[in-house]
Amino acid sequence: MQVDPNIPNPDIKDIQVDVNPTVVDMSLVDITELKVKNGKANVDLDNWGGTADVTGLLQNHSKKDALNVEAGAGVFDKDNNFLGALFLSSDETITLGPTQSTGLQLGFPGIPSSEVKKIDHVDFSVSNVEYDVQD
């Protein structure tokens with residue numbers, strides 16, 4: 001569910017969220033940093049207040065397959081104040097072979113419409129995460 005907190009919604013009285021983090025044994029995780037080139041924030045204003053998508057070119061410069069790419073972008077105003085974060089959609093998976101590249105678009109869950117006009121720059125974080133499954 002995505003709701004803009006700046007728009008009153010009388011149908012919503014209370015929202016409760018239970019968060020159950022998964023503990024990951026970091027000794028079982030190999031994180032390979034990948035590079036994003038030409039990263040930019042495309043801000044498209046519309047009648048609903050605007051949306052923000054961050055696009056770039058993702059390149060695997062390693063000699064290994066990147067089978068589980070996770071990407072995010074912190075969004076900031078001109079004074080470097082944090083406005084929010086954008087990620088790949090939860091049903092999107094990126095796999096890259098050695099030296100392969102692909103276009104990248106981040107836009108989930110979204111930046112509140114009141115903040116979109118303030119976007120000045122983004123900071124990318126992209127990794128390939130591999131888990132060594134043990135009993």
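Is glutamate 115 buried or exposed? This opening question and the exercises below refer to a predicted model.

**Exercise 1. Place glutamate 115 in the fold, classify its burial, and describe its charged partner.**

Step 1. Glutamate 115 sits in helix α1, which spans residues 113-116.

Step 2. The relative accessibility of glutamate 115 is 19%, and since the limit for a buried residue is under 20%, glutamate 115 counts as buried.

Step 3. A salt bridge joins glutamate 115 to lysine 118, with the closest N and O atoms 3.3 Å apart, and the cut-off to be met is 4 Å. The count by this rule comes to 1 salt bridge.

Step 4. Lysine 118 has a relative accessible area of 42% and is therefore partly exposed, whereas its partner glutamate 115 is buried.

Step 5. Turning to a position remote in sequence, glycine 84 is 31 residues from glutamate 115, while the C-alpha to C-alpha distance between them is 8.8 Å.

**Exercise 2. Determine the geometry of the aromatic pair and the burial of each ring's residue.**

Step 1. The count by the ring rule comes to 1 aromatic pair. Its members are phenylalanine 76 and phenylalanine 82, whose ring centres are 5.7 Å apart and whose planes meet at 65°, so the arrangement is edge-to-face; the angle needed for that class is over 60 degrees.

Step 2. Phenylalanine 76, with a relative accessible area of 16%, is buried, whereas phenylalanine 82, at 54% relative accessibility, is exposed.

**Exercise 3. Describe the order of the secondary structure elements and the largest nonpolar core.**

Step 1. The protein contains 1 helix and 8 strands, which follow one another from the N terminus as β-β-β-β-β-β-β-α-β.

Step 2. The largest nonpolar core holds 21 residues, and those with the most contacts inside it are Leu58, Val69, Val75, Leu86, Ile94, Leu104 and Leu106.

Step 3. Two or more residues of this core come from each of β3 (51-59), β4 (66-76), β5 (82-87), β6 (94-96), β7 (101-106) and β8 (121-131). The largest share, 5 residues, is supplied by β4.

Step 4. Taking valine 75 as a case, and leaving aside residues up to four places away in sequence, its contacts include Phe82, Leu86, Ile111, Ile119 and Val122.

Step 5. For the contacts in the protein with a separation of 6 or more, 70% are between residues 24 or more positions apart.

**Exercise 4. Contrast threonine 55 with valine 17 in location, burial and surroundings.**

Step 1. Threonine 55 lies in strand β3, and valine 17 is found in the segment before β1, the strand of residues 29-33.

Step 2. Threonine 55 counts as buried at 18% relative accessibility, while valine 17, whose relative accessible area is 64%, is exposed.

Step 3. Apart from residues up to four places away in sequence, threonine 55 touches Asn38, Gly39, Lys40, Asn42, Leu104, Gln105 and Phe124.

Step 4. Valine 17 belongs to a nonpolar surface patch of about 390 Å², which is made by Ile12, Ile15, Val17 and Val19.

**Exercise 5. Give the overall burial and the character of the accessible surface.**

Step 1. Of the 135 residues in the protein, 30% are buried.

Step 2. The accessible surface of the protein is about 9500 Å², and carbon and sulfur atoms account for 49% of this area.

Methods. Residues numbered from 1 in each chain as written. Predicted model: local features only at pLDDT ≥ 70, side-chain atom pairs only at ≥ 80, totals over all residues. Heavy atoms only, no water. Phe/Tyr/Trp six-rings, centres within 6.5 Å; stacked < 30°, edge-to-face > 60°. Buried < 20%, exposed > 50% of the residue type's maximum accessible area, 1.4 Å probe, protein only. Salt bridge = Lys/Arg side-chain N within 4 Å of Asp/Glu carboxyl O. Helix = DSSP H or I, 4+ residues; strand = E, 2+ residues; numbered from the N terminus. Contact = heavy atoms within 4.5 Å. Areas by Shrake-Rupley, 256 points an atom, 1.4 Å probe, with all protein chains shown as cover. Core = buried A, V, L, I, M, F, W, Y, C linked by side-chain atoms within 4.5 Å. Patch = residues over 30% accessible without salt bridge, like charges linked within 9 Å, V, L, I, M, F, W, Y side chains within 5 Å.
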